[in-house]
Amino acid sequence: MRVYLGSDHAGYELKMHLVNHLIKQGHDVVDVGPHVYDPEDDYPAFCLHTGAKVVADEGSLGIVIGGSGNGEQIAANKVEGVRAALVWRTEIAQLARQHNDANVISIGAREHTLDDATSFVETFLATPFSGNPRHARRIAQLTEWESTRKLPDLPS
C-alpha cells in the first residue's frame, strides 16, 4: 500500500521511525517532509501536501504527525476529500477506518511512545472500511457538504 507521511519538527523523529518501519513492512512509502530537522518549521504545508497526495492517489493512506497531532489533523482536513482522524489509541485507529473511512490519521508524537504510535499506524493500515450503510450515509453527507457547501437539513 502507498502511504504518505508528513510532519513538523515535533513529529520528525516519529515520522522517520515510521518511514523506515513501513518500508521494512513492504509498503510503498512517500516521505512528504520535512527531510531535515528544523525546529522552526511549520506543519501546515507538510500536512496539506500529504492530504492532497492521498486524495489524488486513490487507495493510498496518509499519516500526519506533530506534537499533539491536533493542528496537523485540522490542516489535513482542510483538503477536500481528506477524512483525517486524531488517533490516541489502537481502537481509535481501527474505528477511524471502520466507521469513518478515514484516509489520513494524525498522531501526537509528544503524547505516545514509538511502539504505541507504530501500533496505531499498523492498525490503521490493516483495517478496511466496514461499508456499513449508516457509516456510508454519513460520509456521503460530508462529501455533499464539501462539494456544495449546503448545510444538510436538521432532523426534526
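This dialogue walks through the salt bridges of a predicted model.

User: What should I know before reading the salt bridges in this model, and how many salt bridges does the structure hold?

Analyst: Side chains of opposite charge can pair when their charged atoms come close. A salt bridge here is a side-chain nitrogen of Lys or Arg within 4 Å of a carboxyl oxygen of Asp or Glu, and the structure holds six of them. Because the model is predicted, local features need pLDDT of at least 70 and side-chain atom pairs count only at pLDDT 80 or more, while totals for chains, interfaces and linings use all residues. Residues are numbered from 1 along each chain as its sequence is written, and side-chain values use heavy atoms, with hydrogens and water left out.

User: Which residue forms a salt bridge with Arg 2, and where do the two partners lie?

Analyst: Arg 2 pairs with Asp 28, their closest N and O atoms being 2.8 Å apart. The pair links distant parts of the chain, with Arg 2 in strand β1 (residues 2-7) and Asp 28 in strand β2 (residues 28-33), 26 residues apart. Strands are DSSP runs of E with at least two residues, helices are runs of H or I with at least four, and both are numbered from the N terminus. Salt bridges that share partners also join Arg 2, Asp 28 and Asp 57 into one network.

User: Is Lys 15, which pairs with Asp 31, buried or exposed?

Analyst: Lys 15 counts as buried, at 0% relative accessibility, where buried means under 20% relative accessible area, exposed over 50% and partly exposed in between (1.4 Å probe, protein chains only). By contrast, Arg 2 is partly exposed at 32%.
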